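Student: Please take me slowly through one part of this structure. I would like to see how it fits in with everything around it.

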Amino acid sequence: MTSRPLTMPAFSRRTGLFALGGLALGGAVLAGCTSKPTVPTPSVSPSGPIRDQLQSAVSTIAAGNDKLGVAVQDLRSGAVWDFRGGWASQSASMAKPMIVSMAMRKARADKLQQPLPAEQAGQAEKAIEHSDNDSADALWDWAGRRPAYDALASDLGLKDTHSAPEKDFWSWTWTTPNDQRSFLHQLVKGDTKALTDAERSYLLGLMGQVEDGQAWGVGAPRSGSVKVQLKNGWVQFESTDNLWAVNSIGHVAGDGRDYLLTIMTRTETFDLGRAYCDAVGDWVFRILGSGELR
(Lines give C-alpha, C1' and ligand atoms only; values in the text may rest on other atoms or scores of the structure.)
Protein backbone atom coordinates (compact mmCIF):
# COMPACT_ATOMS: atom_id res chain seq x y z
CA MET A 1 0.00 0.00 0.00
CA THR A 2 1.08 3.56 -0.46
CA SER A 3 2.40 5.77 2.27
CA ARG A 4 0.25 8.77 3.09
CA PRO A 5 1.06 12.16 4.64
CA LEU A 6 0.59 12.64 8.34
CA THR A 7 -2.93 14.00 8.10
CA MET A 8 -6.22 12.35 8.88
CA PRO A 9 -7.42 10.62 5.71
CA ALA A 10 -10.89 11.12 4.33
CA PHE A 11 -13.44 8.54 5.41
CA SER A 12 -13.69 5.52 3.13
CA ARG A 13 -15.00 1.97 3.33
CA ARG A 14 -11.71 0.93 4.94
CA THR A 15 -11.52 3.72 7.53
CA GLY A 16 -11.68 2.39 11.08
CA LEU A 17 -11.23 -1.22 9.99
CA PHE A 18 -7.49 -1.30 9.49
CA ALA A 19 -4.48 0.95 9.09
CA LEU A 20 -3.70 1.74 5.50
CA GLY A 21 -0.23 1.97 4.04
CA GLY A 22 1.33 2.31 7.48
CA LEU A 23 -0.98 5.11 8.66
CA ALA A 24 -2.94 4.06 11.72
CA LEU A 25 -6.07 6.07 12.36
CA GLY A 26 -6.25 7.78 15.70
CA GLY A 27 -2.50 7.64 16.13
CA ALA A 28 -1.06 8.72 12.78
CA VAL A 29 1.71 6.16 13.10
CA LEU A 30 3.81 5.57 10.02
CA ALA A 31 5.17 2.09 9.45
CA GLY A 32 8.93 2.16 9.22
CA CYS A 33 9.55 4.75 11.97
CA THR A 34 10.90 2.21 14.45
CA SER A 35 14.34 0.63 14.37
CA LYS A 36 14.68 -2.16 11.86
CA PRO A 37 13.84 -5.53 13.42
CA THR A 38 15.85 -8.68 12.80
CA VAL A 39 14.65 -12.18 12.04
CA PRO A 40 16.52 -15.50 12.27
CA THR A 41 18.71 -16.29 9.25
CA PRO A 42 21.08 -19.17 8.47
CA SER A 43 24.51 -18.71 10.04
CA VAL A 44 26.11 -20.59 7.14
CA SER A 45 24.92 -21.23 3.62
CA PRO A 46 22.87 -24.44 3.34
CA SER A 47 24.29 -27.30 1.32
CA GLY A 48 22.96 -30.32 -0.53
CA PRO A 49 20.11 -30.50 -3.06
CA ILE A 50 18.38 -27.18 -3.80
CA ARG A 51 15.13 -28.45 -2.29
CA ASP A 52 16.90 -29.25 0.98
CA GLN A 53 18.64 -25.88 0.97
CA LEU A 54 15.33 -24.06 0.61
CA GLN A 55 13.80 -26.11 3.41
CA SER A 56 16.76 -25.42 5.70
CA ALA A 57 16.94 -21.68 5.04
CA VAL A 58 13.22 -20.94 5.24
CA SER A 59 12.75 -23.16 8.30
CA THR A 60 15.48 -21.18 10.03
CA ILE A 61 13.91 -17.84 9.07
CA ALA A 62 10.46 -19.01 10.20
CA ALA A 63 11.63 -20.31 13.57
CA GLY A 64 9.14 -19.09 16.17
CA ASN A 65 6.72 -17.73 13.55
CA ASP A 66 3.84 -20.03 12.67
CA LYS A 67 2.26 -17.40 10.41
CA LEU A 68 4.66 -17.51 7.48
CA GLY A 69 4.06 -19.31 4.19
CA VAL A 70 6.24 -19.51 1.09
CA ALA A 71 5.90 -21.07 -2.37
CA VAL A 72 8.55 -21.30 -5.09
CA GLN A 73 8.57 -22.49 -8.69
CA ASP A 74 11.81 -22.73 -10.64
CA LEU A 75 10.80 -22.00 -14.23
CA ARG A 76 14.02 -23.53 -15.56
CA SER A 77 12.92 -26.98 -14.40
CA GLY A 78 9.24 -26.43 -13.62
CA ALA A 79 9.75 -27.88 -10.14
CA VAL A 80 7.81 -26.44 -7.20
CA TRP A 81 8.50 -26.26 -3.48
CA ASP A 82 6.61 -24.76 -0.60
CA PHE A 83 6.82 -24.11 3.12
CA ARG A 84 3.30 -24.00 4.56
CA GLY A 85 2.10 -23.24 1.05
CA GLY A 86 -1.50 -23.91 2.03
CA TRP A 87 -1.49 -21.38 4.88
CA ALA A 88 -4.27 -18.87 4.30
CA SER A 89 -4.24 -15.18 5.14
CA GLN A 90 -5.68 -11.95 3.79
CA SER A 91 -4.30 -10.35 0.66
CA ALA A 92 -3.90 -6.65 1.43
CA SER A 93 -2.54 -4.93 -1.69
CA MET A 94 -1.34 -8.25 -3.07
CA ALA A 95 -4.93 -8.42 -4.36
CA LYS A 96 -4.33 -5.59 -6.82
CA PRO A 97 -3.12 -7.76 -9.75
CA MET A 98 -6.37 -9.72 -9.34
CA ILE A 99 -8.35 -6.47 -9.34
CA VAL A 100 -6.69 -5.29 -12.56
CA SER A 101 -7.40 -8.72 -14.05
CA MET A 102 -11.06 -8.36 -13.08
CA ALA A 103 -11.19 -4.97 -14.77
CA MET A 104 -9.62 -6.27 -17.99
CA ARG A 105 -12.12 -9.11 -18.13
CA LYS A 106 -15.00 -6.65 -17.76
CA ALA A 107 -13.59 -4.41 -20.49
CA ARG A 108 -13.34 -7.43 -22.81
CA ALA A 109 -16.83 -8.71 -21.95
CA ASP A 110 -18.33 -5.25 -22.49
CA LYS A 111 -16.39 -4.76 -25.74
CA LEU A 112 -14.66 -1.64 -24.45
CA GLN A 113 -11.15 -0.39 -25.24
CA GLN A 114 -8.58 -3.14 -24.69
CA PRO A 115 -7.02 -3.98 -22.38
CA LEU A 116 -8.69 -1.13 -20.44
CA PRO A 117 -10.42 2.18 -21.17
CA ALA A 118 -8.25 5.23 -20.52
CA GLU A 119 -9.69 6.05 -17.09
CA GLN A 120 -9.33 2.49 -15.81
CA ALA A 121 -5.87 2.15 -17.37
CA GLY A 122 -4.72 5.15 -15.34
CA GLN A 123 -6.17 3.61 -12.20
CA ALA A 124 -4.49 0.27 -12.94
CA GLU A 125 -1.12 1.95 -13.33
CA LYS A 126 -1.46 3.76 -10.01
CA ALA A 127 -2.78 0.66 -8.23
CA ILE A 128 0.10 -1.58 -9.30
CA GLU A 129 3.10 0.72 -9.72
CA HIS A 130 2.37 2.93 -6.69
CA SER A 131 -0.11 0.77 -4.75
CA ASP A 132 -2.67 3.57 -4.73
CA ASN A 133 -5.69 2.48 -2.70
CA ASP A 134 -8.22 4.94 -4.13
CA SER A 135 -7.45 3.65 -7.63
CA ALA A 136 -7.86 0.06 -6.43
CA ASP A 137 -11.19 1.00 -4.84
CA ALA A 138 -12.43 2.50 -8.10
CA LEU A 139 -11.38 -0.54 -10.14
CA TRP A 140 -12.88 -2.94 -7.58
CA ASP A 141 -16.23 -1.16 -7.82
CA TRP A 142 -16.12 -0.84 -11.63
CA ALA A 143 -15.10 -4.46 -12.21
CA GLY A 144 -17.82 -6.05 -10.08
CA ARG A 145 -16.45 -6.38 -6.55
CA ARG A 146 -16.82 -9.73 -4.74
CA PRO A 147 -18.70 -11.68 -7.44
CA ALA A 148 -16.14 -10.73 -10.10
CA TYR A 149 -13.24 -11.59 -7.78
CA ASP A 150 -14.63 -15.01 -6.95
CA ALA A 151 -15.42 -15.70 -10.62
CA LEU A 152 -11.84 -14.86 -11.59
CA ALA A 153 -10.42 -17.06 -8.81
CA SER A 154 -12.62 -19.92 -10.00
CA ASP A 155 -11.60 -19.50 -13.63
CA LEU A 156 -7.94 -19.45 -12.58
CA GLY A 157 -8.43 -22.65 -10.54
CA LEU A 158 -7.39 -20.97 -7.28
CA LYS A 159 -9.30 -23.22 -4.91
CA ASP A 160 -8.28 -21.46 -1.70
CA THR A 161 -8.69 -17.89 -2.97
CA HIS A 162 -11.98 -16.11 -2.31
CA SER A 163 -13.54 -12.87 -1.15
CA ALA A 164 -14.42 -12.32 2.50
CA PRO A 165 -18.10 -12.99 3.19
CA GLU A 166 -18.11 -10.50 6.07
CA LYS A 167 -16.47 -7.58 4.21
CA ASP A 168 -16.76 -6.46 0.58
CA PHE A 169 -13.23 -5.06 0.61
CA TRP A 170 -10.38 -6.21 -1.61
CA SER A 171 -7.88 -6.14 1.28
CA TRP A 172 -9.93 -8.76 3.10
CA THR A 173 -9.78 -11.33 0.30
CA TRP A 174 -8.24 -14.66 1.33
CA THR A 175 -5.55 -16.63 -0.49
CA THR A 176 -2.52 -18.87 0.02
CA PRO A 177 1.11 -18.88 -1.17
CA ASN A 178 0.38 -21.89 -3.37
CA ASP A 179 -2.58 -20.18 -5.04
CA GLN A 180 -0.58 -17.02 -5.65
CA ARG A 181 2.23 -19.07 -7.19
CA SER A 182 -0.33 -20.67 -9.51
CA PHE A 183 -1.70 -17.23 -10.43
CA LEU A 184 1.81 -16.00 -11.24
CA HIS A 185 2.52 -19.08 -13.34
CA GLN A 186 -0.59 -18.46 -15.40
CA LEU A 187 0.38 -14.81 -15.85
CA VAL A 188 3.93 -15.60 -16.92
CA LYS A 189 3.38 -18.79 -18.93
CA GLY A 190 -0.11 -18.21 -20.30
CA ASP A 191 -1.52 -21.58 -19.28
CA THR A 192 -4.95 -20.09 -18.67
CA LYS A 193 -8.09 -19.11 -20.54
CA ALA A 194 -9.06 -16.60 -17.86
CA LEU A 195 -6.88 -13.87 -19.38
CA THR A 196 -5.75 -13.19 -22.95
CA ASP A 197 -2.08 -12.93 -23.90
CA ALA A 198 -2.47 -9.17 -24.31
CA GLU A 199 -4.02 -8.85 -20.86
CA ARG A 200 -1.27 -10.90 -19.25
CA SER A 201 1.43 -8.85 -20.96
CA TYR A 202 -0.18 -5.59 -19.90
CA LEU A 203 -0.43 -6.62 -16.24
CA LEU A 204 3.12 -8.02 -16.12
CA GLY A 205 4.34 -4.76 -17.64
CA LEU A 206 2.80 -2.82 -14.77
CA MET A 207 4.26 -5.25 -12.22
CA GLY A 208 7.68 -4.66 -13.76
CA GLN A 209 7.44 -0.94 -13.04
CA VAL A 210 6.71 -0.97 -9.30
CA GLU A 211 8.34 2.04 -7.67
CA ASP A 212 11.69 1.46 -5.98
CA GLY A 213 10.44 2.07 -2.46
CA GLN A 214 8.02 -0.84 -2.80
CA ALA A 215 10.41 -3.31 -4.43
CA TRP A 216 11.26 -5.24 -1.28
CA GLY A 217 10.70 -8.91 -0.43
CA VAL A 218 10.58 -10.78 -3.73
CA GLY A 219 11.79 -7.59 -5.41
CA ALA A 220 14.92 -7.14 -3.28
CA PRO A 221 17.28 -8.65 -5.93
CA ARG A 222 16.07 -6.21 -8.63
CA SER A 223 19.00 -4.68 -10.50
CA GLY A 224 20.19 -3.82 -13.97
CA SER A 225 20.69 -7.52 -14.67
CA VAL A 226 17.78 -8.95 -12.66
CA LYS A 227 14.23 -8.10 -13.68
CA VAL A 228 11.37 -8.49 -11.21
CA GLN A 229 7.63 -8.31 -11.83
CA LEU A 230 6.05 -8.04 -8.41
CA LYS A 231 3.34 -6.76 -6.11
CA ASN A 232 3.60 -6.40 -2.37
CA GLY A 233 0.84 -5.81 0.15
CA TRP A 234 0.70 -4.71 3.76
CA VAL A 235 -2.10 -3.70 6.06
CA GLN A 236 -2.96 -3.90 9.76
CA PHE A 237 -6.25 -5.61 10.60
CA GLU A 238 -7.13 -3.53 13.64
CA SER A 239 -10.70 -4.79 13.90
CA THR A 240 -9.74 -8.49 14.08
CA ASP A 241 -6.37 -9.78 15.37
CA ASN A 242 -4.57 -6.41 15.20
CA LEU A 243 -1.77 -8.06 13.21
CA TRP A 244 -0.18 -6.85 9.99
CA ALA A 245 -0.61 -8.96 6.87
CA VAL A 246 2.62 -8.43 4.93
CA ASN A 247 2.89 -10.22 1.59
CA SER A 248 5.15 -10.27 -1.47
CA ILE A 249 4.71 -12.06 -4.81
CA GLY A 250 6.65 -11.92 -8.04
CA HIS A 251 8.64 -13.30 -10.97
CA VAL A 252 12.43 -12.96 -10.80
CA ALA A 253 14.57 -13.44 -13.92
CA GLY A 254 18.24 -12.74 -14.55
CA ASP A 255 21.76 -13.68 -13.47
CA GLY A 256 21.00 -17.30 -14.36
CA ARG A 257 17.75 -17.45 -12.41
CA ASP A 258 14.11 -17.65 -13.49
CA TYR A 259 11.60 -18.32 -10.72
CA LEU A 260 8.30 -17.43 -9.10
CA LEU A 261 8.16 -16.65 -5.39
CA THR A 262 5.26 -15.90 -3.07
CA ILE A 263 5.66 -14.93 0.59
CA MET A 264 2.83 -14.35 3.06
CA THR A 265 3.14 -13.55 6.73
CA ARG A 266 1.23 -12.01 9.62
CA THR A 267 3.20 -10.13 12.28
CA GLU A 268 2.93 -7.56 15.06
CA THR A 269 4.43 -4.75 12.95
CA PHE A 270 4.91 -3.89 9.29
CA ASP A 271 8.68 -3.67 9.74
CA LEU A 272 8.85 -7.18 11.13
CA GLY A 273 6.73 -8.53 8.28
CA ARG A 274 8.93 -6.81 5.73
CA ALA A 275 12.04 -8.22 7.45
CA TYR A 276 10.65 -11.74 7.01
CA CYS A 277 9.84 -11.08 3.35
CA ASP A 278 13.28 -9.58 2.71
CA ALA A 279 15.05 -12.51 4.37
CA VAL A 280 13.11 -15.10 2.39
CA GLY A 281 13.55 -13.16 -0.84
CA ASP A 282 17.29 -12.86 -0.28
CA TRP A 283 17.88 -16.51 0.56
CA VAL A 284 15.73 -17.89 -2.23
CA PHE A 285 17.67 -15.72 -4.69
CA ARG A 286 21.00 -16.94 -3.28
CA ILE A 287 20.03 -20.60 -3.28
CA LEU A 288 18.53 -20.67 -6.78
CA GLY A 289 21.72 -19.07 -8.05
CA SER A 290 23.60 -22.24 -7.12
CA GLY A 291 21.47 -24.66 -9.14
CA GLU A 292 18.02 -25.67 -10.32
CA LEU A 293 15.24 -26.86 -8.08
CA ARG A 294 14.44 -30.50 -8.93
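Tutor: Happy to! Helices (H or I, at least four residues) and strands (E, at least two) are DSSP runs, numbered from the N terminus. Counted that way, the chain has 8 helices and 8 strands.

A word on the ground rules. Residues are numbered from 1 along each chain as its sequence is written, and side-chain values use heavy atoms, with hydrogens and water left out. The model is predicted, so local features need a pLDDT of at least 70 and side-chain atom pairs count only at pLDDT 80 or more, whereas totals for chains, interfaces and linings use all residues. Here pLDDT is the predictor's confidence in each residue, from 0 to 100. The chain averages a pLDDT of 90, and 88% of the residues score at least 70. Over residues 1-33, however, the pLDDT is below 50, although this stretch has 84 contacts in the model beyond near neighbours in sequence. A contact means heavy atoms within 4.5 Å.

Let's choose strand β2, residues 68-74. Buried means under 20% relative accessible area, exposed means over 50%, and partly exposed lies in between (1.4 Å probe, protein chains only). By that rule, 7 of the 7 residues of β2 are buried. In a regular strand the side chains alternate between the two faces of the sheet. You can follow two sets along β2: Leu-68, Val-70, Val-72 and Asp-74 point one way, while Gly-69, Ala-71 and Gln-73 point the other way. Burial is widespread beyond this strand too, as buried residues make up 55% of the 294 residues in the chain.

Now look to the sides of β2. Two strands pair if DSSP finds at least two bridges between them. Strand β8 (residues 257-267) runs antiparallel to β2 and is joined to it by 7 bridges. Within that pairing, Gly-69 faces Met-264 of β8. Strand β3 (residues 80-83) also pairs with β2 in the antiparallel sense, over 4 bridges. There, Gln-73 stands opposite Val-80. With 5 residues between them, β2 and β3 form a hairpin, and Gly-78 in its turn has a positive phi of about 85°.

Next, zoom in on Val-70 in the middle of this. Not counting residues up to four places away in sequence, Val-70 touches a long list of partners, including Val-58, Trp-81, Phe-83, Pro-177, Leu-261, Ile-263 and Val-280. A nonpolar core is a set of buried Ala, Val, Leu, Ile, Met, Phe, Trp, Tyr and Cys residues joined through side-chain atoms within 4.5 Å. The largest one has 76 residues, and Val-70 and Leu-261 have the most contacts inside it. Helix α8 (residues 270-288) gives the most to this core, with 12 residues. Apart from it lies another core of 7 residues, among them Ala-92, Phe-169, Trp-172 and Val-235.

Met-264, which we met in β8, leads on to another strand. Thr-175, in strand β5 (residues 174-175), has Met-264 among its contacts, along with Trp-87, Asp-160 and others, leaving aside neighbours within four places in sequence. Why is Thr-175 classed as buried? Its relative accessible area is 0%. Its side chain also makes a polar contact (a pair of N or O atoms within 3.5 Å; within protein, one must be able to donate a hydrogen and the other to accept it, and residues adjacent in sequence count only if both atoms are side-chain atoms). The partner is the side chain of Gln-180, at 3.0 Å.

Strand β8 leads us to one last stop through Arg-266. The side chain of Asp-241 makes a polar contact with the side chain of Arg-266, at 2.7 Å. These two are 25 residues apart in sequence and 9.8 Å apart in space, C-alpha to C-alpha. Asp-241 lies in the loop between β6 and β7 (244-254), and at 35% relative accessibility it counts as partly exposed. A polar atom of its side chain also lies 2.9 Å from the backbone nitrogen of Leu-243.

Links between distant parts of the sequence show up in the whole chain: among contacts with a separation of 6 or more, 65% join residues 24 or more positions apart.
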